[in-house]
Amino acid sequence: MRIGELARLTGVSTRLLRYYEEQGLLRPTRSAGGYREFGEGDTVRVRQIRGLLAAGLPTRVIVGILPCASGPAPALEPCPDLLATLRGELAELDARIGELTRSRNALAGYLDTAGPAAPLPALPLPAAA
């Protein structure tokens, strides 16, 4: 199938599918006329990519994880360095959440001191990993 059909089946724009190709996440073949040609498995691959992106993983990490993925959800099979990679990404997310929570609480404090509006509740800081 061509890129437009893959876009229609997956709900992902052709522009984004080209980006996935540039990042090494999709590897279409080329027709004699130079058109990208995708297989049926690429619909599952796009769903895997979308699921991993939704989990907060960057494309540079996803490219290494895709060989471990099966099914559209995806399920991850044990692969070398998979657990270390996922733990590292989780630690980075936890650190960013902590930074954002501190920023949010500081901003809420400024709002509390700036005017008569009802105060915003402070969010607890996440536990250290």
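## Pro-80 and Asp-81, ahead of helix H5

Pro-80 is exposed in this predicted model, with a relative accessible area of 76%. You will find Pro-80 in the loop between S4 and H5. Its C-alpha atom is 9.2 Å from that of Cys-68, and the two residues are 12 apart along the chain.

Asp-81 is in the loop between S4 and H5 as well. Asp-81 is also exposed, at a relative accessible area of 61%. Have a look at its backbone too: phi is positive, about 70 degrees, although Asp-81 is not a glycine.

## A cis peptide bond, and a glycine in H5

The peptide bond that joins Ala-73 and Pro-74 is cis, with omega at about -10 degrees. Pro-74 belongs to the loop between strand S3, residues 69-70, and strand S4, residues 75-76.

Helix H5 covers residues 82-114, and Gly-88 has its place there. Gly-88 is partly exposed, with a relative accessible area of 29%. Cys-68 serves as a reference point here too: the C-alpha atoms of Gly-88 and Cys-68 are separated by 17 Å, with their positions 20 residues apart along the chain.

## The nonpolar core

Now to the interior. In soluble globular proteins, nonpolar side chains tend to be buried together. In this model, the largest nonpolar core has 19 residues, and Leu-17, Tyr-20 and Leu-26 are those with the most contacts inside it. Four helices each supply at least two residues of this core: H1 (3-10), H2 (14-22), H3 (41-54) and H4 (59-65).

Leu-17 lies in helix H2 and is buried, with a relative accessible area of 0%. Leaving aside neighbours within four places in sequence, Leu-17 is in contact with Ile-3, Leu-6, Ala-7, Val-12, Leu-26 and Val-46. For a sense of distance, the C-alpha atoms of Leu-17 and Thr-43 are 11 Å apart in space, while the two residues are 26 apart in sequence.

Leu-26 has its own set of partners. Not counting residues up to four places away in sequence, Leu-26 touches Leu-6, Leu-17, Tyr-20, Phe-38, Val-46 and Ile-49, along with Glu-21, Asp-42 and Arg-45.

## How H2 meets H1 and H3

H1 and H2 pack with their axes 9 Å apart, at an angle of about 105 degrees. That angle makes H1 roughly perpendicular to H2. On the H1 side, the residues that meet H2 are Ile-3, Gly-4, Leu-6 and Ala-7; on the H2 side, they are Thr-14, Leu-17 and Arg-18.

Thr-14, found in helix H2, is a handy residue to follow at this meeting of helices. Thr-14 touches Ile-3, Gly-4 and Ala-7, once residues up to four places away in sequence are set aside. The C-alpha atoms of Thr-14 and Gly-4 are separated by 6.3 Å, and these residues are 10 apart along the chain. Thr-14 is partly exposed, with a relative accessible area of 27%.

H2 also packs with H3, at an angle of about 85 degrees and with the axes 12 Å apart. H2 is therefore roughly perpendicular to H3. From H2, the residues involved are Leu-16, Leu-17 and Tyr-20, which meet Val-46, Ile-49, Arg-50 and Leu-53 in H3. Leu-17 thus has a place in both meetings, with H1 and with H3.

## Aromatic rings

A search of the whole structure finds one aromatic pair. Its members are Tyr-19 and Tyr-20, with ring centres 6.4 Å apart and planes at 55 degrees, so the pair is tilted. The two tyrosines are not alike in exposure. Tyr-20 is buried, with a relative accessible area of 1%, whereas Tyr-19 is partly exposed, at 35%.

Another ring to look at is that of Tyr-35. Arg-2 lies over the face of Tyr-35, 3.9 Å from the ring centre.

How values were computed
Residues are numbered from 1 along each chain as its sequence is written. This is a predicted model: local features need pLDDT of at least 70, side-chain atom pairs count only at pLDDT 80 or more; totals for chains, interfaces and linings use all residues. Side-chain values use heavy atoms; hydrogens and water are left out. A nonpolar core is a set of buried Ala, Val, Leu, Ile, Met, Phe, Trp, Tyr and Cys residues joined through side-chain atoms within 4.5 Å. Buried means under 20% relative accessible area, exposed over 50%, partly exposed in between (1.4 Å probe, protein chains only). Contact means heavy atoms within 4.5 Å. Rings of Phe, Tyr and Trp (its six-membered ring) pair if their centres lie within 6.5 Å; planes under 30 degrees apart count as stacked, over 60 as edge-to-face and the rest as tilted. A charge sits over a ring if NZ of Lys or CZ of Arg is within 6 Å of the ring centre and within 35 degrees of the ring normal. Axes are lines fitted to C-alpha atoms, for helices over the stretch in contact, and angles run from 0 to 180 degrees between N-to-C directions. Angles under 35 degrees count as roughly parallel, over 145 as roughly antiparallel, 65 to 115 as roughly perpendicular and the rest as oblique.
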